[in-house]
There are 4 protein chains.
Amino acid sequence: MMMSRIADSQMYAHLWGTEELRSHFSEEGRLESWLTILAALAEAQAANAMIPARAAADIRSSAKVELLDLEYLADETKRSGHSMLGLIRALEQILPPDSAQFVYYGATVQDVTDTWMALTMKTMGGIAWRQLRSIEQSILDLATEHRNTAMAGRTHGQIGSPITFGFKLASWADEVRRHIHRLSDGRTRWLVGQLAGSVGTLGFFGRRGPAVRADFCNLLGLFDPGMSWTTSRDRVSEFCMVQAMIATTMARIGDEVYELARPELAEVGETTSDETVGSITMPHKQNPEGSEHLVTLGRIVRSQASLVLESSVQSHERDGRGWKAEWVAVPEVCLLTSSSLRIADELIRGLTVDAGSMTQNLARTRGYWASEWALVQLSRDLGKHRAQQLLQEALKQGWTGGLDFKEATMSHPDLSKHLDADKIDEVLRQPDTASAALMVDVVVARSNSERREEADQWP
Amino acid sequence: MMMSRIADSQMYAHLWGTEELRSHFSEEGRLESWLTILAALAEAQAANAMIPARAAADIRSSAKVELLDLEYLADETKRSGHSMLGLIRALEQILPPDSAQFVYYGATVQDVTDTWMALTMKTMGGIAWRQLRSIEQSILDLATEHRNTAMAGRTHGQIGSPITFGFKLASWADEVRRHIHRLSDGRTRWLVGQLAGSVGTLGFFGRRGPAVRADFCNLLGLFDPGMSWTTSRDRVSEFCMVQAMIATTMARIGDEVYELARPELAEVGETTSDETVGSITMPHKQNPEGSEHLVTLGRIVRSQASLVLESSVQSHERDGRGWKAEWVAVPEVCLLTSSSLRIADELIRGLTVDAGSMTQNLARTRGYWASEWALVQLSRDLGKHRAQQLLQEALKQGWTGGLDFKEATMSHPDLSKHLDADKIDEVLRQPDTASAALMVDVVVARSNSERREEADQWP
Amino acid sequence: MMMSRIADSQMYAHLWGTEELRSHFSEEGRLESWLTILAALAEAQAANAMIPARAAADIRSSAKVELLDLEYLADETKRSGHSMLGLIRALEQILPPDSAQFVYYGATVQDVTDTWMALTMKTMGGIAWRQLRSIEQSILDLATEHRNTAMAGRTHGQIGSPITFGFKLASWADEVRRHIHRLSDGRTRWLVGQLAGSVGTLGFFGRRGPAVRADFCNLLGLFDPGMSWTTSRDRVSEFCMVQAMIATTMARIGDEVYELARPELAEVGETTSDETVGSITMPHKQNPEGSEHLVTLGRIVRSQASLVLESSVQSHERDGRGWKAEWVAVPEVCLLTSSSLRIADELIRGLTVDAGSMTQNLARTRGYWASEWALVQLSRDLGKHRAQQLLQEALKQGWTGGLDFKEATMSHPDLSKHLDADKIDEVLRQPDTASAALMVDVVVARSNSERREEADQWP
Amino acid sequence: MMMSRIADSQMYAHLWGTEELRSHFSEEGRLESWLTILAALAEAQAANAMIPARAAADIRSSAKVELLDLEYLADETKRSGHSMLGLIRALEQILPPDSAQFVYYGATVQDVTDTWMALTMKTMGGIAWRQLRSIEQSILDLATEHRNTAMAGRTHGQIGSPITFGFKLASWADEVRRHIHRLSDGRTRWLVGQLAGSVGTLGFFGRRGPAVRADFCNLLGLFDPGMSWTTSRDRVSEFCMVQAMIATTMARIGDEVYELARPELAEVGETTSDETVGSITMPHKQNPEGSEHLVTLGRIVRSQASLVLESSVQSHERDGRGWKAEWVAVPEVCLLTSSSLRIADELIRGLTVDAGSMTQNLARTRGYWASEWALVQLSRDLGKHRAQQLLQEALKQGWTGGLDFKEATMSHPDLSKHLDADKIDEVLRQPDTASAALMVDVVVARSNSERREEADQWP
């Protein structure tokens, strides 16, 4: 079949999905999951005497994607206009006729696709759990290393008081940990099977419906929802929203690296291989491709997750108008988030940090960033309002006049008597980053304490 | 000040916000919260010997919106181009000069507005908790009453196998309960104060910063974040997403009522007062205004919540480009969700249910909805595939030929010998709703068991 | 390469794209366009003495996708991390070394991809033009046929005064025509090439840049922009927005059919083939699959078009953070809109109309829809306000009491004397659809007059 | 009435709307427009002998917002649950009883609100036209002034080949002009009145409907749509999309200024008044408040415009579920876009440009940006591929080794023999900006030629 999505092109696919997820979402991967679901259904039905045990065994052994005639399957799907009938007919081809009757017995399309959605959430949730914890570890290590590496704090794009690079990293780690909590919190809501039958009441199943559903879910490692959820889509939209929040954090990290890697700032950089070509026409260029792509991926994931939520006002007992949008959007959310996590993981592990540039950037703005420190000193003697006003005037004048911070303050008669020139030199040499390092410690300790208690795999 | 938003107009404001939230978000309400925050800050600073106790006491007693000159406050805000300076200057007017120095001492705009955001989440979360539980109760009562009220199940807008109205309601209750869980899960993430200072390191606060923050949060009934979160916006965006999911559930309920209230279906209706005028030119009309509005509100809330998430890729230590979008969007999310919950609460309590119409609508489609029941019977004798095929043919022909279900099946030689005419009559008279009622029981029991254990107020 | 997008799966691809566009967007199709662009560039450069004529001739004859080693191309793309270098290297393999130097000579990735974007807009714009005109024709024919077919007008989901089915259709045609206007209006803005070079100034091209660009655009059948537009994305976002508006109109048509096809309304239906299987478990069901899918497609297209607009705040002279989002979103907008147009075209041509049901549905609400007619009569004698009030009371009472419209009005002493029982019978038998047919005529005449003047192909 | 939207607060309203639009959208402003519409309707009806001339005259003279009892109006709106009835009843209070009968005679809510929407589009379109042309003029002047001011071109956030500041500005002007074209193109689609009556057929109007509508539209300076458009919302959504594109251009300009104003770049800056306070705790700070806010406004406008499009799949002959979302979103789109245009206008007129910093920033990256120039020279002798490869190696090594561009190239044996050291010095001193200035000329000439021909007011 001809691929028409650039995200699947041989040239670019590696940027828009990871191998493990791509195989989950490929036609073969998806059909394999669907067959597993059909086999579990048959076994649960056999266990509840709804179909012969023999049929269940036949279905289990035939439910293998490599046995199917995929051309025929696709043709029958198109011919019937029914999403699942092609697969059923392809299975009929390989099953003994007696057993063939019992495939997809009383089920509906959504039973298969929603249960597959739950398995997808299980796969993606597991990947997110693993990758977030790996990313967290890298950030914590880097934050510890740069606990005290001073750099400019920047607000509204302007240089303000100094922070440490570790402090900036700790803010990332803190956010990543909250996502780990979100994965824990949502798990029992998300990982539930769907066995609803035609309109949700398990009509074909007689009184055995709920028991079959319990066994069906159990066989697939999913929870039993207790209640059909064919038009109740909050589980799926919540999951996508959490993925979008994760991809957004990765985008925030990417955007930060992108900006700090500007040559005029040059505080951090991506590691690139020797084979990387930044620009053909401008051979000196090395572009922050990874961090840039994280921002792009974040945009698309948010858009697709919002589409899922937007599509969740569904009518009556089944409503394809919204439900089918999930078919496209949920895989996209997962593929792109997995790619985002992979790229962020590499980016952070390969991040180059230029502490020298960080120092220089503070110096280059002639020390004006020390204004908060001066304000503290002056507030004691002059009161804060007057101190603020005098400083603002003096610094505005000084800046325009080409003075540095020390000159600007010490040349001002009302300020100079309350400031100590040596202290200014000291502060400029050794910027005071206040509680930056303490907050690094809090975040590191908090994360480590939780990491020790929690499983490597999404529980 | 001239109102320019229709949602605040005297004519329509009641549809776009509730009184309790409107007063929270009014200029006075907001300033009152901000003053409370500034007073708590001063007290926390006094407790840590950062400012004189006297100053804190003065600030507490002056921090009353009715003492402020709001004109002056607004003028100074505009003149300085600083979001908070007008308020500080207005406070200076009423504070003793010595104490005036210590208002907003070392804080930054975002300390006030983000802490206010947390208080807003506390207020709105409490409203959501209360309203969701009230709505849940109404739905559970109605579901119990209509546990066995048969009606058409509808998929893709078409009539399918029968369900009960209680079953439909139980699906709403099930979804509402998951939102209650979400409010529980997110609480400790959301209800944290912000005390970051200029760039997040509490630079003005010396080493006392973390202790002041802990006291500050505690005084306001908020958790201590341990770490500044000025550009880490996942808390706010998660909260908004949960509100959007709640408003979406209300929209789903509204949309369902809107559709079932079509005169051709006439299964449910809204209660309207005698004074309600549906249409001036068409005096017979009674429009489902409440349910319609729920759909509208859901749309807008989703859009605003997505805007918050979209705005959360923020740079460095503060970034107004995204942050300021929250100033508009978060209040809108809360106001409209509160309105949505109020309207849904009334709608459900006033819902009229026409069980007769439900029966009639099943009858009107000549009983063809019983095809699943027939399929079960026939599958035993004929195998499911053949049964399905024969039934589909017979029913298609029968429908075109104007036959009813019994005629269509009993006139078909291959089917009639496997079906019992009396059984058909019985099924048409007494539709089999399979596990519908059992699922009602599961949902009701599950909710009641949790309700007994949980607090009336958001804990 | 493994496909991982369900929209490209062998089973479902036909629903998420049309063959002509799928081949445009396939790896081969895209590379073919890119090669055409590279060949045009070389020819324009040769014409301006920037490269040897021989090189241009070699490039033109080698620029064939079937000559390329696609594996090698993909590997080199990944190895270099450069979006275009794999292709350049694959071309080097097949070009004489002297000529190979002059491929992609001084160009940048965005020159190729943006010019391809323009060619894509040309292809898609042409498809939209053709399909919209075809759809318009079908609607006009149907509207003419049903110019006077009375049916219920419905507002807020409730039955109001009568309209004609032709009137409803004319509203669709009117909207479709405005899209045709939009395609005309935007054409010169959209169909421009991009030749910007490294940073937009055509740095590699010396003074010949603008002349080369003019020739380059001309060779490709595109307009010359006069100015580089690497971070000026309004062209692309406007195009996508227009496509989204088109897909939204198709969604409105789909949604309308979906609702009118409810069995309780049964006014229109989709034509399905005999092989179509609506539901396996409920063999009687025939689902409005096409109209349903139009709503789904509309949702996704809007979401992707909004993503393009959202991504168009781009920095400096090139900004991958937004630009790369277009790589995914623009093809998706086109593929899904083309699918939407194809499905709508078939849907409308196959639409079944049940005028009998339309009449019945008016009857079924006991004639209350005639209230506006009665209001007109009564307003003359009683004044409109009093007439409205009396009618509203009488009809509310009558409805509750099970009366029909005639009984409800004629049994009311204040109304009966101003109404003529025979007239009521006549109106109920022959609903007055006021200016409905006249508006059909206006729309049909207006469209036909423009159609006669305009080209079959997007000009 | 209590304001609850921060955008209307006395403190901040000036940032979220302009006075002229705020008065259009205020309760009084809106009611005034509605009254004008009702008066035009009455006059059109009188002209067509549908109501007495006397009634029309009375309505015209009473249709003044200052005569209305707004409390009563609001109370009756709430009591009746009807959007327009409060206004009708308030008018009844002041009209002679005979004439009062003929207010809103046969009209429906949407006739008033949609026609008001058209008048709103006329007002906002006129503002956009005026402001865009003013902004364009400022940009053209600045572009002419800085036609040759060299500065770094930046791609992917990295410094590339040089451009001129005028070239950057010309890209803005080019985009602004396309918006002016869009306003021209859409005008006849947008500025149409709505007179549809109950279900679109002008049922109450007898055969005079179309004539009344023509007169009604004419009296209000609007076009006659010929066809009702109650659920055909493409006009409104197109208008909002164009506004969103305009606000996005302003956001792109704002974002560019925000980034170039970073102190490490310091190439441009905003003019601030002496009274502006950037930061209280960091008295040296001057934040790019205006440019920052443009980005924020752009985000919100896009979100609201997308909401309008999302809401335009509407059912049957009226559908409040989508339509009412426009009531909130369209005013927001207009208010924020008007604010965006005002701020951008001021920003550009007050922009400070530091050509010295621009030069310095080129110098600071040690001249590596000249790599494209070198590539041109070397390609002649070495062939482009080899030249590219050698340069990339030499420059990577040179950069790491701390060399400047001249050292890095001249110390490389294979390169030095093909390069002229003096030429390098010259290029570094006098950067070659290729066709930058020529493109400025093209844009300026094109705009000026159109400006001379076009009206000052939106025609």
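This talk goes through how chain A meets chain B and chain D, and how the copies are related.

One thing before the contacts. The model is predicted. Keep that in mind for every value I read out.

I will begin with chain A on its own. The domain assignment splits chain A into domain 1, residues 18-100, domain 2, residues 109-202 + 220-361, and domain 3, residues 366-419. Domain 2 is written as two stretches of the sequence, so to speak of its range you need both. Taken over C-alpha atoms, the centres of domain 1 of chain A and domain 3 of chain A lie 76 Å apart.

Now the contact with chain B. How many residues does each chain put into it? Chain A gives 93 residues and chain B gives 93 residues. Together the two chains bury about 7,800 Å², and carbon and sulfur atoms account for 56% of that area. If you want names to look for in the structure, take Met227(A), His316(A) and His385(A). These residues supply 10% of the area that chain A buries against chain B, more than any other three residues.

Next, the charged and polar pairs between chain A and chain B. The count of salt bridges is 16. One of them joins Lys168(B) to Glu317(A), with the closest N and O atoms 3.0 Å apart. For polar contacts, the count is 47 residue pairs, both residues being at pLDDT 80 or more. Which element of chain A gives the largest share of the side that touches chain B? That is helix α10, residues 234-260, with 14 residues. Sorted by class, this side of chain A has 32 nonpolar, 33 polar and 28 charged residues.

How do the copies A and B superpose? Chain A can be laid on chain B by a turn of 180° and a shift of 0.0 Å along the axis, with an RMSD of 0.0 Å. Why can we say that they meet through the same surface? Because 100% of the interface residues of chain A are also interface residues in chain B.

On to chain D. Here 46 residues of chain A are in contact with 46 residues of chain D. The area buried between chain A and chain D is about 4,100 Å², with 51% of it on carbon and sulfur atoms. There are 6 salt bridges between these chains. Glu259(A) and Arg262(D) form a salt bridge through their side chains, at 3.3 Å from N to O. Polar contacts come to 27 residue pairs, again with both residues at pLDDT 80 or more.

Several elements of chain A give two or more residues to the side that touches chain D, among them strands β1 (150-155) and β2 (158-164), and helices α10 and α11 (289-310). The one that gives the most is α15(A), with 6 residues. By class, this side of chain A has 15 nonpolar, 19 polar and 12 charged residues.

Last, the symmetry of A and D. A turn of 180° with a shift of 0.0 Å along the axis lays chain A on chain D, and the RMSD is 0.0 Å. The two copies are therefore related as by a two-fold rotation axis. Which residue of chain A comes closest to that axis? It is Glu264(A), whose C-alpha is 2.9 Å away. As for the contact itself, 100% of the contact residues of chain A recur in chain D, and the same surface serves both copies.

Conventions
Residues are numbered from 1 along each chain as its sequence is written. Chains are lettered from A and ligands numbered from 1 in the order in which they are written. This is a predicted model: local features need pLDDT of at least 70, side-chain atom pairs count only at pLDDT 80 or more; totals for chains, interfaces and linings use all residues. Side-chain values use heavy atoms; hydrogens and water are left out. Contact means heavy atoms within 4.5 Å. Buried area is the accessible area (1.4 Å probe) that two parts lose on being put together, summed over both. A salt bridge is a side-chain nitrogen of Lys or Arg within 4 Å of a carboxyl oxygen of Asp or Glu. A polar contact is a pair of N or O atoms within 3.5 Å; within protein, one must be able to donate a hydrogen and the other to accept it, and residues adjacent in sequence count only if both atoms are side-chain atoms. Helices (H or I, at least four residues) and strands (E, at least two) are DSSP runs, numbered from the N terminus. Ala, Val, Leu, Ile, Met, Phe, Trp, Tyr, Cys and Pro count as nonpolar, Asp, Glu, Lys and Arg as charged, and the others, Gly among them, as polar. Copies are superposed by least squares on the C-alpha atoms of residues with pLDDT of at least 70 in both.
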